[in-house]
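Let's take a walk through this model, one piece at a time. Keep the 3D view open and turn it as you read.

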Amino acid sequence: MEGKIRDNFIKILSGELKYTSSNLAFNMLISKLQKKIIAAPESVDSCLEEIEGFVVKYPLIAKVDFVNIAAL
Amino acid sequence: MLVTLDEAIALIKSGKFLHIAGDEALLDRLPEGNWIGGTTAFFMASGGGVFTKEKLYVDEFDFAEEMKVAAYGKYNVFQLVEDCYENGLNVIIMPYGSEVVSKYSKEAPEVEELLLHPTIGWVSGLDLNGDGEAKAYDGTTGKSYTDKAVVMFLKLPEGKAAQINLINIFEDDKADPVITFPESSLSVESCLVDGQELNFADYIDKKGIDSGMPLVADYNGVYLNISIKGIENGRVDLYAPVIKNIEYRFAARVEDYEKEFLARVNAASSVRPVLCCNCIINYLNGNLEGKKIPPFLGPVTFGEVAYQLLNQTLVYCEIV
């Protein structure tokens with residue numbers, strides 16, 4: 001993950017940007033990672049890896065979210 | 001679909017992968033086969049919401065390539081994350097009041113990789129007179145459990161994915177104070193209200209909060225409920241646990257439960273669920289007896305699972 005999409009995901013996970021997916025699991029994951037980052041701000045990279053893991057596993061579902069988040 | 005005992009037996013004998021809900025007396029008479037089941041006597045049927053001990057509710061999982069079933073106790077329930085298919089759907093049934101429900105409900109939100117494995121299901125129950133026992137059935141062995149979760153793992157074809165979603169009529173009132181809890185628990189004494197430690201039962205009493213309204217937590221724009229079971233001797237008992245470090249607020253008042261629930265159902269009526277479970281509180285407070293809520297058909301349940309345990313929610317799964 002790189003460029004604007006990475007920047008926007010960091011902003012979403014830090015609460016700077018608001019994005020709600022239509023996918024329940026993705027929202028739960030974002031919520032979980034937001035709390036993780038609040039507790040351990042240095043965990044941003046590992047959180048991004050978790051996001052990437054979800055996206056790789058469910059490209060069909062996450063494709064729309066990626067397009068939307070890139071456009072934020 | 002609601003079927004007779006004989007029809008259910010014929011479906012089992014055909015070798016189909018099945019999810020079956022019904023009264024204990026009927027489930028006990030089913031033969032071994034590719035099915036899992038749980039007890040309830042309330043259903044959302046094509047003819048409308050219904051209470052019956054004469055029929056069984058059956059879902060056919062004809063979208064799956066393979067299936068396997070496992071039963072888990074409280075010590076190994078999260079083994080399901082290891083045992084499931086890489087691209088699949090996990091359907092879990094847990095008996096009401098069992099320790100495995102308690103364990104699952106408290107720990108699921110923190111289980112690594114659970115969100116990578118679509119997991120939907122329900123808590124089996126009793127009729128409201130308390131007759132019988134809440135059970136989960138493993139049809140592949142013919143065994144039933146009051147203390148174990150039964151999980152059907154379904155393998156999906158390449159290019160297909162399971163997508164779980166929910167319908168919840170509740171949202172929080174952002175003007176209300178934030179409530180947090182020191183521990184994940186199904187029975188709560190103390191809480192922090194905007195950082196101040198208080199007795200939770202006293203707080204509900206003094207604020208005049210309607211305990212019929214659930215606590216809700218905002219999971220990135222999705223609201224998940226925790227319903228109050230009862231308040232006694234300074235303790236508040238819950239149908240699902242509050243989770244440590246999650247911020248809750250009481251749900252904003254819903255003036256007309258039935259109208260709100262049906263409006264949410266109508267708004268989601270274009271979905272094509274392969275499995276659906278609706279909370280008994282929605283059934284009762286939403287006056288769903290006799291009411292049709294297509295395309296949402298399935299058991300009425302005593303707790304719903306969409307990855308984690310939820311309350312007062314309709315959960316469903318689509319294959320996309």
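Which residues in α1(A) meet which residues in α2(A)? Keep in mind that you're looking at a predicted model. On the α1(A) side they are Phe9(A), Ile12(A) and Leu13(A). Across from them, α2(A) brings Phe26(A), Ile30(A), Leu33(A), Gln34(A) and Ile37(A). Sort that contact by class and you get seven nonpolar residues, one polar and no charged ones. As for the geometry, α1 covers residues 3–13 of chain A and α2 covers residues 24–39 of chain A, and the two pack at an angle of about 75° with their axes 9 Å apart. Angles from 65 to 115 degrees count as roughly perpendicular, and α1(A) and α2(A) are therefore roughly perpendicular to each other.

Now follow chain A on to helix α3, residues 44–57. The axes of α2(A) and α3(A) come within 10 Å and cross at roughly 170°, which makes α2(A) roughly antiparallel to α3(A). On the α2(A) side, the contact takes in Ala25(A), Phe26(A), Leu29(A), Ile30(A), Leu33(A), Lys36(A) and Ile37(A). They meet Val44(A), Ser46(A), Cys47(A), Glu50(A), Ile51(A) and Phe54(A) in α3(A). By class, that's 10 nonpolar residues, one polar and two charged. Phe26(A), Ile30(A), Leu33(A) and Ile37(A) turn up in the contact of α2(A) with α1(A) and again in the contact with α3(A).

Over to chain B and its sheets. One is an open sheet of six strands, in the order β7-β12-β8-β9-β25-β26, with mixed pairing. At its edges sit β7 (66–72) and β26 (308–310) of chain B, each of which pairs on one side only. Ignoring direction, neighbouring strands here are turned by 20° against each other on average. For a closer look, try β8 (residues 88–95) and β9 (residues 119–124) of chain B, which pair in the parallel sense over six bridges. If you want a spot to zoom in on, Asn90(B) has Thr119(B) in β9(B) as its bridge partner. Helix α4 (residues 99–107) of chain B packs on this sheet, touching β7, β8, β9, β12, β25 and β26 of chain B. The direction of α4(B) makes about 130° with that of β8(B).

There's also an open sheet of three strands in chain B, ordered β15-β21-β20 with antiparallel pairing. β15 (185–188) and β20 (228–232) of chain B each have a single partner strand, so one side of each is left without a neighbour in the sheet. The twist averages 20° from one strand to the next. β20(B) and β21(B), the latter spanning residues 235–242, pair in the antiparallel sense over four bridges, and Gly230(B) has Asp237(B) in β21(B) as its bridge partner. Here α4(B) shows up again: it packs on this sheet too, touching β15 and β21 of chain B, at about 90° to the direction of β15(B). Helix α5 (residues 200–207) of chain B lies across β15, β20 and β21 of chain B, running at about 105° to β21(B).

Finally, how do the two chains meet? 21 residues of chain A are in contact with 29 residues of chain B. The area buried between chain A and chain B is about 2,000 Å², and carbon and sulfur atoms give 58% of it. The count of salt bridges between the two chains is one: Lys57(A) with Glu86(B), where the closest N and O atoms are 3.6 Å apart.

Key:
Residues numbered from 1 in each chain as written. Chains lettered and ligands numbered in written order. Predicted model: local features only at pLDDT ≥ 70, side-chain atom pairs only at ≥ 80, totals over all residues. Heavy atoms only, no water. Axes fitted to C-alpha atoms, helices over the stretch in contact; angles between N-to-C directions. Parallel < 35°, antiparallel > 145°, perpendicular 65-115°, else oblique. Contact = heavy atoms within 4.5 Å. Nonpolar A, V, L, I, M, F, W, Y, C, P; charged D, E, K, R; others polar. Pairing = 2+ DSSP bridges. Buried area = accessible area lost by both parts, 1.4 Å probe. Salt bridge = Lys/Arg side-chain N within 4 Å of Asp/Glu carboxyl O.
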